[in-house]
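Let's take a walk through this protein, stopping at a handful of spots worth a look. Keep the 3D view open and find each residue as it comes up.

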Amino acid sequence: MAYKTDIEIARAANKLPIQEIGAKLGISTDDLLPYGHDKAKVSQSFINSVQGNADGKLILVTAINPTPAGEGKTTTTVGLGDGLNHIGKKAAVCIREASLGPNFGMKGGAAGGGMAQVVPMEEMNLHFTGDFHAITSAHNLLSAMIDNHIYWGNELEIDTRRVVWRRVVDMNDRALRQITASLGGVANGFPREAGFDITVASEVMAILCLSKDLEDLQKRLGDMIVAYRRDRSPVYARDIKADGAMTVLLKDAMQPNLVQTLENNPAFVHGGPFANIAHGCNSVIATTTALKLADYVVTEAGFGADLGAEKFLNIKCRKAGLAPSCVVVVATVRAMKMNGGVAKADLGAENVDAVKKGCPNLGRHIENVKSFGVPVVVAINHFVTDTDAEVQAVKDYVAEHGSEAILSRHWELGSEGSAELATRVAEIADADMANFAPIYGDDMSLFDKIDTIAKRIYRADEVLMDQKLRNQLKDWEAQGYGNLPVCMAKTQYSFTTDPDRRGAPTGFSVPVREVRLSAGAGFVVAICGEIMTMPGLPRVPSAEAIKLNADGDVEGLF
């Protein structure tokens with residue numbers, strides 16, 4: 001059977017005007033700010049007006065460690081949202097916006113796949129409503145104002161060797177990781193080392209995604225530490241007087257974006273911090289708004305549960321007062337075989353032994369998520385090459401670990417294919433079985449928080465950290481930042497910091513090579529192993545195949 005490509009399916013979608021999608025959630029036309037016919041922002045005044053509503057049930061979709069075989073986390077998120085609506089529930093989906101860097105790099109778009117997609121797919125994966133551009137502009141405005149302040153006399157006595165605010169661009173560009181700025185003589189300022197991160201790693205992105213309104217946004221922006229003086233005292237963004245102008249640039253970006261699934265169900269797509277170098281969840285304002293409007297909200301956290309779910313549960317839920325009723329861990333038979341040692345080229349052949357050998361990766365994620373006190377369901381995202389024996393091997397393994405695995409065929413069949421999964425997830429959510437709690441308390445030391453995640457989630461033997469970094473953590477604790485959660489920046493491909501170690505490895509250490517204080521966002525970043533906050537493009541980037549065809553349509557984005 002020949003299947004249509006994702007982009008062919010998306011182009012053939014029977015989209016409803018966005019006002020009709022808003023009406024399903026009780027959002028009036030006056031409260032939608034349309035961007036064309038099929039996407040709109042939801043006004044802050046409307047969001048304020050529904051705060052008295054009861055909250056719906058929050059369902060988190062996470063996954064095993066990603067493999068080249070594909071897992072389909074966003075596809076499952078969308079499919080589950082459609083499935084819940086299909087069985088008569090009022091449900092909405094909340095996912096992240098896509099970054100241009102990876103879209104033109106190696107992973108393509110991020111709007112789901114097959115019959116479980118969010119549309120308009122092309123716009124979502126390109127400029128969308130301009131949120132990322134606004135974040136890039138606000139971030140770099142602050143960069144320009146810092147250098148300008150130094151140029152015009154440096155009244156704040158900033159130590160130019162200790163400017164910690166880097167610039168950002170929404171593209172994978174390794175040449176910008178480390179640069180020298182202000183060369184060319186007196187007129188151009190004082191030469192210093194600088195560098196770029198990708199926009200999704202910006203603290204401004206994290207702040208936008210964790211702020212509850214514009215007032216909270218401006219306060220957090222002002223709290224950002226941008227540099228230090230010679231006496232090591234911090235200089236904040238509000239000292240540079242940049243917080244007001246940055247808020248102006250972000251006022252529209254702060255409002256959640258409403259779009260629709262292929263089955264015309266509501267989807268909020270807002271914010272997009274990477275999960276391996278930031279906290280990996282869509283915005284708090286989108287999630288909390290959706291919970292006021294729908295009985296069930298299905299959201300996702302980036303990459304595997306060791307990164308995305310850990311940060312969703314330890315950072316986002318802690319900060320926003322959220323508690324998931326159920327967590328869905330996505331796995332595929334193909335990925336189990338790859339974790340079991342099968343090469344990508346050989347994944348099409350039945351290999352039950354390899355499936356069983358690869359299942360411990362899934363088992364560890366199940367145990368980890370359960371340790372937060374939330375019930376877990378495994379969604380086996382179906383591929384047409386899966387055999388009954390392989391699927392049964394996964395189901396049997398999951399049952400032995402005190403959970404249940406349900407085969408979901410949403411990619412092929414849409415909501416009909418996810419109805420069984422949706423029915424079970426709704427039953428669990430309605431049963432109020434969750435007793436959620438983060439795995440570490442606010443009052444634990446920063447190093448102990450890092451150590452707790454490394455040992456309890458990754459199953460490492462130890463954390464390797466220089467005394468200089470340990471002293472830095474202690475200094476931040478002395479400055480009043482010790483109660484912050486930690487955000488681990490680590491490879492997504494493995495529980496370890498080695499991307500090639502699949503499965504459920506033991507007997508390893510987690511080296512932390514840098515720590516950063518995100519005082520505005522409200523967390524401390526621990527950069528582990530070789531992870532980069534500015535990715536590079538692969539040898540053959542997706543951009544080489546992306547073009548406009550003779551009809552003016554985009555080709556190669558998926």
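We start with a charge above a ring: Arg-364 sits over the face of Phe-495, 4.9 Å from the centre of the ring. Lys-490 does likewise over the face of Tyr-458, at 4.7 Å from the ring centre. Keep in mind as you look around that this is a predicted model.

**Two rings side by side**

Next come rings that meet other rings. The count of aromatic pairs here comes to one. Its partners are Tyr-151 and Trp-152, whose ring centres are 5.1 Å apart; the planes meet at 85°, which is over the 60 degrees cut-off, so the pair is edge-to-face. How much of each partner is open to the outside? Tyr-151 is partly exposed, with 34% relative accessible area, while Trp-152 reaches 66% and counts as exposed.

**An open pocket**

Now turn to the second largest pocket, which holds about 1400 Å³ of space. Its lining is made of 40 residues, and the ones nearest its centre are Val-163, Val-164, Glu-514, Val-515 and Arg-516. Sorted by class, that lining has 18 nonpolar, nine polar and 13 charged residues.

Which helices and strands supply at least two residues each to this lining? On the helix side you'll find H8 (203-210) and H19 (467-481). The strands are E7 (158-163), E10 (192-194), E12 (225-229), E22 (509-518) and E23 (523-528).

**A helix tucked inside**

Is helix H18 mostly enclosed or mostly open? H18 covers residues 446-456, and eight of its 11 residues are buried, so the helix is largely enclosed by the rest of the structure. Those buried residues are Leu-446, Phe-447, Lys-449, Ile-450, Asp-451, Thr-452, Ile-453 and Ala-454. Notice that Lys-449 and Asp-451 are on that list, although Lys and Asp are counted as charged.

What do the buried residues of H18 pack against? Their neighbours are helix H12 (305-320), strand E20 (462-465), H19, strand E21 (486-489), E22 and E23. You've already met H19, E22 and E23, since they also help to line the second largest pocket.

**A closed cavity and one of its histidines**

How many cavities of 30 Å³ or more does a search of the whole structure find? There is one, and about 70 Å³ of space lies inside. The residues lining this cavity are Glu-97, Ala-98, Leu-100, Met-124, Leu-126, His-127, Phe-128, Phe-132, His-133 and Asp-170. By class, that makes six nonpolar, two polar and two charged residues.

Let's pick out His-133 from that lining. His-133 belongs to helix H7, residues 131-151, and is partly exposed, at 35% relative accessible area. If you leave aside neighbours within four places in sequence, His-133 is in contact with Leu-100 and His-127, and both of these line the cavity too. For a sense of distance, try Val-512: from His-133, this residue is 379 residues away in sequence and 31 Å away in space, C-alpha to C-alpha.

**A cis bond and a buried glutamate**

Which residues does a cis peptide bond join? They are Val-119 and Pro-120, with omega at about 10°. Pro-120 is in the loop that runs between strand E6 (116-119) and H6.

Step into H6, which spans residues 121-125, and you'll find Glu-122. With 18% relative accessibility, Glu-122 counts as buried, because the cut-off for that is under 20%. Not counting residues up to four places away in sequence, Glu-122 touches Ile-7, Arg-11, Val-554 and Leu-557.

**Two loop residues with positive phi**

Finally, look at a pair of residues that have a positive phi without being glycine: Lys-241 and Asp-432. The table puts them next to each other.

| Residue | Phi | Loop | Relative accessible area |
|---|---|---|---|
| Lys-241 | near 65° | between strand E13 (234-236) and helix H10 (243-250) | 66%, exposed |
| Asp-432 | about 50° | between helix H17 (415-430) and H18 | 53%, exposed |

Asp-432 takes you back to H18, since its loop lies between H17 and that helix.

Definitions and conventions: Residues numbered from 1 in each chain as written. Predicted model: local features only at pLDDT ≥ 70, side-chain atom pairs only at ≥ 80, totals over all residues. Heavy atoms only, no water. Phe/Tyr/Trp six-rings, centres within 6.5 Å; stacked < 30°, edge-to-face > 60°. Buried < 20%, exposed > 50% of the residue type's maximum accessible area, 1.4 Å probe, protein only. Lys NZ or Arg CZ within 6 Å of the ring centre and 35° of its normal. 1 Å grid on protein atoms, 1.4 Å probe; cavity = no way out; pocket = protein on both sides within 12 Å on 5 of 7 lines; lining within 4 Å. Points joined across faces, edges and corners; volume = space filled by probe spheres on them. Helix = DSSP H or I, 4+ residues; strand = E, 2+ residues; numbered from the N terminus. Contact = heavy atoms within 4.5 Å.
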